[in-house]
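Colleague: I'm new to reading structures, and I'd love to know how you back up the words you use. Could we go through one together?

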Amino acid sequence: MNESQHLSSQFDEDLSRLRTHVLQMGGLVETQVSAAIEAYATGEIASVKTIVETDRKVNELEKAIDDDCAHIIAKRQPTASDLRLVLGISKIVTDLERAGDEAKKIAKGVRRIYEGGHLPGQYGVGVRHLAEAALAMIRQALDAFARLDTPQAANVIRADTDVDVEFKSIIRQLITHMMEDPRTITTSIDIISIARAIERIGDHAKNVSEQVVYIVEGRDIRHTKEKVQ
Amino acid sequence: MSSQVIRALLLALLSSLIALPVGSFVAHWAGWSVFCAGLALQMIFHFRNFARLDRWSHRPVVDASLEGEGAWDGIFGRLYRHEKDLRAGIADRDNQIERLFAALQALTDGVVALDLNQQIVYCNSTAEEQLGLALTTDRGQPVVNLVRQPEFVAYLEGGDFERPLTLRSDRGTDRVLSIHVVPYAGDRRLLQIKDVTQTVRLDRMRRDFVANVSHELRTPLTVLAGFLETLQEIDLDRADQHRYLDLMAEQSKRMESIVQDLLTLSSIESAPPPSVDIVDMSSLVDKLRRDAEALSGGRHNIVAEADAQCDVRGSEPELVSAFGNLVANAVRYTPAGGTVRITWKAMAQGAEFAVEDTGIGIEAKHIPRLTERFYRVDRGRSRDAGGTGLGLAIVKHSLNRHQAQLEIRSTLGVGSRFAAKFPAGRVARVQ
């Protein structure tokens with residue numbers, strides 16, 4: 001968006017590289033989330049170890065990008081939309097890192113369930129559907145950031161409501177299930193923690209989208225009922 | 001050019017020739033003013049043309065021809081022609097480029113051209129769909145900003161493009177893409193993207209087939225070997241011996257039917273195209289109904305309707321086996337009291353043989369794989385029902401050889417409909 005203002009300048013290149021780094025971190029988080037969901041669906045707990053190890057890489061990326069942000073602010077003293085971009089990015093990486101943590105939580109929950117010899121059973125489908133929705137949200141949020149596309153970001157923010165509703169209905173189902181058959185409580189609690197983690201991933205995707213709106217329009221729409229167009 | 005100079009000088013000389021007598025006979029100043037007026041007239045003439053050229057050069061148009069006066073006309077004409085040629089050349093090149101892009105657009109493979117900074121320069125619509133890009137908004141965007149999968153980023157940065165990268169598409173669809181990087185115009189890169197979902201699926205089918213054949217044959221073999229060992233080592237009384245031998249016979253029959261089905265399948269695959277003899281469908285449907293009634297043992301309601309107006313051209317034994325298979329499946333998977341409906345009727349294009357049941361139905365996700373060899377929706381159940389796992393594979397092959405399509409529709413718990421649609425070329429109308 002700043003291409004016209006400082007064409008081919010070093011500063012512009014720095015910003016562009018920063019964005020690409022953020023999106024690369026996002027790509028890693030997307031892969032983590034989808035791998036965790038895959039593990040849940042297939043019960044292949046071998047991948048859990050990889051997910052836990054890769055999470056360290058996500059953490060490192062967060063620190064590196066935060067460092068870059070600090071450097072750019074100190075050295076270049078960006079203003080207006082450039083400043084918003086840098087500030088927005090430093091918030092986006094926090095959300096991405098947390099989404100990565102949630103993916104790790106899902107993976108660990110999956111290991112607990114399958115190692116305990118249980119199967120997610122009939123709730124497998126509901127949770128998987130929830131997970132697909134959350135994964136789509138994070139993908140769209142990152143696409144919106146790459147393209148600085150506010151309508152897309154607005155879609156993600158709206159989609160979060162659906163994910164929340166679906167999450168609540170899964171919880172209700174599980175509660176009924178636990179009351180009917182107390183032997184399923186252990187597994188159900190693990191499934192609840194997985195569903196919770198997925199729902200949080202949706203929230204993080206929403207936060208990323210809010211930052212995209214802030215970067216492009218300069219409006220802070222967090223914690224408000226303000227409509228996004 | 002020199003003629004222009006001579007002309008200008010001659011005009012100056014002419015005005016001085018007029019000015020000289022005026023100057024000497026009337027007055028000095030009058031002579032000078034006549035001379036100046038001559039020059040001024042020439043200047044005005046040039047300025048007018050100059051202004052015209054100036055106007056035109058701001059917005060060169062070729063629809064109205066550019067006309068000058070006197071010496072200017074030649075210059076204007078040349079400029080005008082030059083502009084016109086240039087425009088024609090550009091239009092021609094535009095056309096060529098457009099055709100080139102249309103050719104890229106027509107490729108069934110995805111193509112993405114990147115510049116030196118890995119930014120998207122161009123991509124065709126196949127690539128847009130495969131990678132979730134949109135050229136109008138994503139031109140100039142680094143490709144790794146949008147295709148963010150770490151494997152892809154590592155592949156692009158790794159610089160080793162000997163082998164293509166196999167990537168599972170993450171855009172909601174369960175597709176497998178094979179991405180190949182080809183350098184072009186120096187260090188620029190072109191991504192060539194093939195959809196290899198089908199190839200990967202075929203590979204899996206082949207692997208599954210070998211594994212399944214071994215598994216299917218080993219299971220009865222293990223049972224046989226176990227009983228044999230028992231019989232060899234333990235002295236059993238006659239009744240037990242009989243029971244064991246019966247079980248062994250059952251297992252060996254199972255193996256035999258699997259091998260028989262495999263042989264049928266391979267003979268169908270290698271056989272010459274089926275004949276075009278007319279098969280009497282009315283009597284065939286009648287025979288199918290009787291077979292179904294025998295298999296059902298009165299537990300189902302069997303309905304058969306055959307359109308006497310048309311018959312099939314093809315190999316009777318193959319069709320009997322294919323249709324018989326569909327009917328037997330319908331009877332097997334329909335609980336007692338259900339209905340199995342066998343129909344044969346002419347359609348607008350060709351004809352259709354269908355078996356409809358009110359059975360247990362099949363989940364939608366299994367339907368595309370149903371005709372794979374040894375594919376089973378529910379392993380235990382179909383083996384109990386006496387299937388070898390090859391029936392539908394044989395049906396599909398036999399029908400394909402008759403250019404017929406097998407169409408499967410099913411709703412879980414409601415019933416299924418298996419229809420073989422024959423093209424007009426395979427249908428014989430009865431006069």
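Modeller: Let's start with helix H10 of chain B, residues 281-296, in this predicted model. H10(B) lies across E7 and strand E9 (339-346) of chain B.

Colleague: What makes you give about 175 degrees for the direction of H10(B) relative to E7(B)?

Modeller: Angles are taken between N-to-C directions and run from 0 to 180 degrees. The value of about 175 degrees for H10(B) and E7(B) sits close to the upper end of that range, so the two point in nearly opposite directions. Helix H11 (residues 316-332) of chain B, on the other hand, runs at about 20 degrees to E10(B). H11(B) lies across E9, strand E10 (351-357) and E12 of chain B.

Colleague: In what order do the strands of that open sheet come?

Modeller: The order is E7-E9-E10-E12-E11 in chain B, five strands with mixed pairing. From one strand to the next, the twist averages 10 degrees.

Colleague: Why are E7 and E11 of chain B said to stand at the edges?

Modeller: Strand E7 (301-306) and strand E11 (405-411) of chain B each have a single partner strand, so one side of each has no neighbour in the sheet.

Colleague: And how do you know that E11(B) is paired with strand E12 of chain B?

Modeller: Pairing takes at least two bridges. Seven bridges join E11(B) to E12(B), residues 415-422, so they count as paired, and they run antiparallel. One of the bridge partners in E12(B) is Ser416(B), which is matched with Ser410(B).

Colleague: Let's turn to the loops. Why is Ala185(B) called exposed?

Modeller: A residue is exposed if 12 or fewer other C-beta atoms lie within 10 Å of its own. Ala185(B) has 10, so the word fits. Ala185(B) is in the loop between strand E4 (176-184) and strand E5 (188-195) of chain B.

Colleague: Then why is Gln118(B) called partly exposed?

Modeller: Gln118(B) has 18 other C-beta atoms within 10 Å. Exposed stops at 12 and buried starts at 20, so a count in between is partly exposed. Gln118(B) lies in the loop between strand E1 (110-114) and strand E2 (120-123) of chain B.

Colleague: What makes the phi of Gln118(B) worth a remark?

Modeller: Phi of Gln118(B) is near 60 degrees, a positive value in a residue other than glycine. Most residues other than glycine have a negative phi. Ala185(B), not a glycine either, has a positive phi of about 40 degrees.

Key
Residues are numbered from 1 along each chain as its sequence is written. Chains are lettered from A and ligands numbered from 1 in the order in which they are written. This is a predicted model: local features need pLDDT of at least 70, side-chain atom pairs count only at pLDDT 80 or more; totals for chains, interfaces and linings use all residues. Helices (H or I, at least four residues) and strands (E, at least two) are DSSP runs, numbered from the N terminus. Two residues are in contact if their C-beta atoms, placed from the backbone, lie within 7 Å.
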